[in-house]
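Here are a few short exercises to work through with the model open beside you. Try each task before you read its solution.

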Amino acid sequence: MRICFVTDGDLGEYGEKFIGAETDIVCFSFHALGEVSYERELKGETSLFEDAALLSKEAKNVVVCGCYTDARGVRRKSVVVAEKGRILGVSDMVNRIDGTPFRAGAGIKIYDTSAGRIGIIVAEDLYFPRVIETLSICGAELALCIFEELNESLEQTLIRACAFLYGVPVCLCASGFAEAADVGGK
């Protein structure tokens, strides 16, 4: 499985570079789409999700993008997954950290893609081991975490420990940083 991490910049800035590239998954951090209003998307005023879908079609791979979603004033940290020109789904962070303006979403998701069964970990959900445990039990072949800014080495230690403990490779894409850990924790 070939994964390309885009740790800075937006989808429009880097998207065309992946057309024709030999990669299975292109993973963008939270800067890729920025703020996405579901209301404006549905009215056709913006097309941020469509842009991700179109890139997946043109590049012939899976596109994973971090974003902040707004559903009539309810803000969430989310990740959109697209393949072959269609949106497979949007995963929200399911745990809420005190003091943040973001609300928790519902449900942990695994996406069946041509690259395999990809489990999505959204931002601070990485701090809750039950999330990756659930992904592992439900058959994820890869856990992909989209994060914002890292806190020194905590997140790096967590992905290595979770990969080892739950037997699923874990990849992390954050602002200016990317890392992968195999099931041996390396």
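**Exercise 1.** Which residue in E6 does Val80 stand opposite?

*Solution.* Keep in mind that this is a predicted model. Begin with the strands: E5 covers residues 74-83, and E6 covers residues 86-92. The two pair in the antiparallel sense, over 6 bridges. Now look across from Val80, and you will find Val90 in E6. Finish at the connection: E5 and E6 form a hairpin with 2 residues between them, and Lys84 in that turn has a positive phi of about 55°.

**Exercise 2.** Follow the pairing from Val80 to the other side of E5, and describe the hairpin there.

*Solution.* First, Val80 is the bridge partner of Cys65. Next, count the bridges: E4 and E5 pair in the antiparallel sense over 10 of them. Last, check the turn: the E4 and E5 hairpin has 2 residues between its strands, and Arg72 takes a positive phi near 55°.

**Exercise 3.** Find the parallel partners of E4 and give a residue pair for each.

*Solution.* Take E2 (residues 25-28) as step one: it pairs with E4 in the parallel sense over 4 bridges. Here Phe28 has Cys65 as its bridge partner in E4. Step two is E3 (residues 35-37), which runs parallel to E4 and is joined to it by 3 bridges. In this pair, Ser37 stands opposite Asp70.

**Exercise 4.** Is E4 largely enclosed or not, and why?

*Solution.* The strand spans residues 62-71. A residue is taken as buried when its relative accessible area is under 20%. By that cut-off 8 of the 10 residues of E4 are buried, so the strand is largely enclosed by the rest of the structure.

**Exercise 5.** How many disulfides does a search of the whole structure find? Examine Cys4 and Cys145 as test cases.

*Solution.* Recall that a disulfide is a covalent bond between the sulfur atoms of two cysteines. The search finds 0 disulfides. For Cys4, the nearest cysteine sulfur belongs to Cys173 and is 8.9 Å away, and Cys4 is in no disulfide. For Cys145, the closest cysteine sulfur is in Cys27, and because the distance is 9.0 Å, it is too far for a bond; the cut-off is 2.5 Å.

Now add accessibility. Cys4 has 24% relative accessibility, so it counts as partly exposed. Cys145, with a relative accessible area of 0%, is buried.

Technical notes: Residues are numbered from 1 along each chain as its sequence is written. This is a predicted model: local features need pLDDT of at least 70, side-chain atom pairs count only at pLDDT 80 or more; totals for chains, interfaces and linings use all residues. Side-chain values use heavy atoms; hydrogens and water are left out. Buried means under 20% relative accessible area, exposed over 50%, partly exposed in between (1.4 Å probe, protein chains only). Two strands pair if DSSP finds at least two bridges between them.
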